Amino acid sequence: MPEMSRLGEKVIRGIPVSAGVTRGKVLLIEPRREELVKRTIAATELPSEMNRLETSLVQTRKQILDVQHRLSEALGAEEASIFEAHLLVLEDQVFMDQITRLMEKDLINVEYAVHKVAEEYINTLNSIDDEYLKERTKDMRDVVDRILGNLAGQPDRHAIPKLTEPCIIVCEDLTPSTTAGFDRKMVLGFATDKGSRTSHTAILARSLQIPAVVGLQNASRKMLNNQYILLDGFNGLLILNPTDQTLFEYGQLMRKQVDLQEKLRDLHDKPAVTLDGHQVTLSANVEKATDTAAVLSNGAEGVGLFRTEYLFLNRDKAPDEEEQYQAYRQVAAALKPHPVIIRTLDLGGDKVSAVTPLPTEMNPFLGWRAIRFCLQEKELFCQQLRAILRAAIEGNIKMMYPMICRVEELEETNVLLEECKNQLRAQNLEFNEHLEFGIMIETPSAALISHNLAKRVSFFSLGTNDLIQYTLAVDRSNERIAHLYEPTHPAVLNLIKTTVDSAHRQGIWTGVCGEMASEIELVPLLVGLGVDELSVAPSLIPQVKFLIRRLRISEARALAEWALNCESGQQILERSAALARESAPSLFDTQQN
Ligand code: PEP
Ligand code: MG
């Protein structure tokens with residue numbers, strides 16, 4: 001990596017949030033500092049002010065749904081769900097009531113009331129020592145900005161000007177709305193003074209694959225429009241006036257990146273097989289039918305997890321059997337003869353849908369979720385089972401149930417499956433009599449009774465996102481305890497091993513479809529533990545394959561054996577990472593030591 005301080009050039013350090021190196025001209029976006037005018041209104045004006053508020057809320061909701069829709073088309077439903085938080089602000093009745101009460105009590109204009117109540121909310125959230133809540137204040141500002149824009153009759157005022165040449169955007173801060181509207185061909189990267197890794201703006205940058213550095217303090221004030229900069233999204237560096245030496249070194253780095261990309265492309269049709277001949281299946285995780293193009297272009301061997309709940313989000317009415325049938329059929333047809341594992345509905349926990357309002361629970365992740373919900377909402381579940389059974393004559397579909405904890409749940413599900421088959425027979429509708437099904441292992445109880453579950457299914461897929469949270473009692477979405485969320489905790493590894501062994505004794509396979517499979521540094525460990533399939537985001541398939549093809553199964557197994565007896569999750573992580581780096585150093589070239 002380049003040495004960091006050179007005459008004439010200035011290196012500003014921030015937080016790397018989206019990988020990649022880019023260089024180009026700066027486009028400075030000045031923050032809008034407008035004074036909100038407080039205006040006293042006559043009591044007779046109140047109804048018309050209320051009307052303006054109503055209209056602007058309807059417009060704002062429509063605009064957010066439009067952004068969400070465009071993003072969902074371009075990037076997938078999961079990325080688009082970022083804007084759920086924005087919609088929730090609009091649905092917050094307490095917030096809205098406070099605005100109207102303030103207008104009535106103080107007889108003030110609607111703009112000022114919206115601004116005042118929002119600032120109070122934001123100040124309260126900011127006063128809590130919680131990074132996650134602080135980041136959510138940005139979502140609120142984004143929504144409030146839209147409401148105020150609509151009230152001013154300037155619905156597009158948050159958008160950046162139309163770009164005529166490629167540039168790197170530098171500004172104090174960026175809202176998720178503005179980021180979602182970026183033209184990827186014109187925005188080479190962005191750098192902001194504020195921000196953190198968990199902000200929705202950062203998440204969007206990663207999805208859009210735009211190099212980005214945030215938290216650069218007051219960098220935007222040290223720059224001029226059209227100035228030439230280099231942005232290193234791997235290491236969180238913004239380099240002003242880069243010297244020839246720096247450009248040369250980064251040039252080499254970028255060439256290495258290009259070489260690596262070429263090598264990754266060459267692997268497209270090759271299997272994920274270790275140097276000593278052990279093969280692992282590499283599948284992709286998808287959310288919607290249009291994701292299949294990325295599955296094929298990245299060389300996956302099928303879909304290891306189709307999260308069907310995304311068909312149920314962002315809408316008011318559940319998709320009926322026919323709509324689901326078409327969606328599943330389309331994926332199966334596009335990927336034929338590759339397998340597509342459709343996971344049945346996993347609503348609940350952090351996935352809430354207006355389609356089926358869930359009760360407020362003290363512990364939603366421990367509550368009415370996934371298979372528990374489906375076994376009580378039988379008609380909704382049966383619609384999905386029938387749609388999957390019918391779609392399964394089209395391609396190589398398999399089905400998978402989430403959150404299984406008990407043998408009885410599986411047996412109850414089988415009874416329902418037989419009922420659905422009978423209904424389809426009665427309707428003379430064609431379906432796959434021999435549809436294979438498996439289960440997700442995402443609770444410690446399932447892992448510990450996996451020997452019994454293995455007798456009843458065709459495969460297991462480890463949902464490590466949940467398995468880790470339930471094993472370690474660490475809420476997967478709570479930033480405050482994120483440091484305790486440890487995939488390499490020996491307890492987690494022992495549950496994975498138990499599951500793999502139960503499956504193999506019964507002659508069935510085990511995959512991993514949680515995010516643990518996407519952590520490149522953990523791939524040696526999972527392969528060594530005997531996992532047969534890894535299912536990751538389509539864009540990560542080439543890198544995981546590249547690494548597996550440079551591993552030796554003997555070394556991976558020795559690592560896993562050692563790890564199962566090791567007391568420290570940190571040491572296990574370090575050893576697995578070291579093996580990954582030694583085996584495929586070029587995958588890690590871009591990181592500064
Ligand atoms: C998991 O828990 O690892 C998983 C893949 O399921 P989800 O993330 O959808 O809960
Ligand atoms: Mg899960």
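**View 1. Magnesium ion (ligand 2) and its protein donors, Glu442 (OE) and Asp466 (OD).** Both donors lie 2.0 to 2.2 Å from the ion. Glu442 sits in the loop between β14 (436-441) and α15 (444-448), while Asp466 belongs to helix α17 (residues 464-472), so the pair ties together parts 24 residues apart in sequence. Glu442 and Asp466 are both buried. This view, like those that follow, shows a predicted model.

**View 2. An open sheet of 8 strands.** The strand order is β1-β8-β7-β3-β4-β5-β6-β2, with mixed pairing. At the edges are β1 (10-13) and β2 (15-18), each paired on one side only. On average, neighbouring strands are turned by 30° against each other, direction ignored.

**View 3. Strands β3 and β4, with helices on the sheet.** Strand β3 (residues 21-29) runs parallel to strand β4 (residues 167-171), and 4 bridges join them. Val26 has Ile168 of β4 as its bridge partner. Helix α9 (residues 244-266) packs on the sheet and touches β3, β7 (228-232) and β8 (237-240). The direction of α9 makes about 120° with that of β3. Helix α8 (residues 200-208) lies across β2, β5 (187-192) and β6 (212-214). Relative to β2, helix α8 runs at about 50°.

**View 4. Helix α5 (residues 110-127) and its buried residues.** At 1.5 Å a residue, the 18 residues of α5 should span 26 Å. The end C-alpha atoms are 26 Å apart, which agrees. Which residues of α5 are buried? They are Val110, Glu111, Tyr112, Ala113, Val114, Val117, Ala118 and Ile122. Residues three or four places apart in an α-helix point the same way, because there are 3.6 residues a turn.

**View 5. The ring pair of Phe95 and Tyr121.** The model has 7 aromatic pairs. In this one the ring centres are 5.0 Å apart and the planes stand at 65°; angles over 60 degrees count as edge-to-face, so the pair is edge-to-face. Phe95 is in helix α4 (residues 93-106) and Tyr121 in helix α5, 26 residues apart. Phe95 has 0% relative accessibility and so counts as buried.

**View 6. The ring pair of Phe306 and Tyr328.** Their centres lie 5.9 Å apart with planes at 85°, so this pair is edge-to-face. The pair links strand β11 (residues 303-307), which holds Phe306, to helix α11 (residues 321-335), which holds Tyr328. The two residues are 22 residues apart. Both Phe306 and Tyr328 are buried.

**View 7. An aromatic cluster.** Ring pairs link Phe381, Tyr401 and Phe437.

How values were computed
Residues are numbered from 1 along each chain as its sequence is written. Chains are lettered from A and ligands numbered from 1 in the order in which they are written. This is a predicted model: local features need pLDDT of at least 70, side-chain atom pairs count only at pLDDT 80 or more; totals for chains, interfaces and linings use all residues. Side-chain values use heavy atoms; hydrogens and water are left out. The expected span of a helix is 1.5 Å times one less than its number of residues. Buried means under 20% relative accessible area, exposed over 50%, partly exposed in between (1.4 Å probe, protein chains only). Two strands pair if DSSP finds at least two bridges between them. Axes are lines fitted to C-alpha atoms, for helices over the stretch in contact, and angles run from 0 to 180 degrees between N-to-C directions. Contact means heavy atoms within 4.5 Å. Donors are N, O and S atoms within 2.8 Å of the metal (3.2 Å for Na, K and Ca); water is not among the atoms, so sites may look incomplete. Rings of Phe, Tyr and Trp (its six-membered ring) pair if their centres lie within 6.5 Å; planes under 30 degrees apart count as stacked, over 60 as edge-to-face and the rest as tilted.
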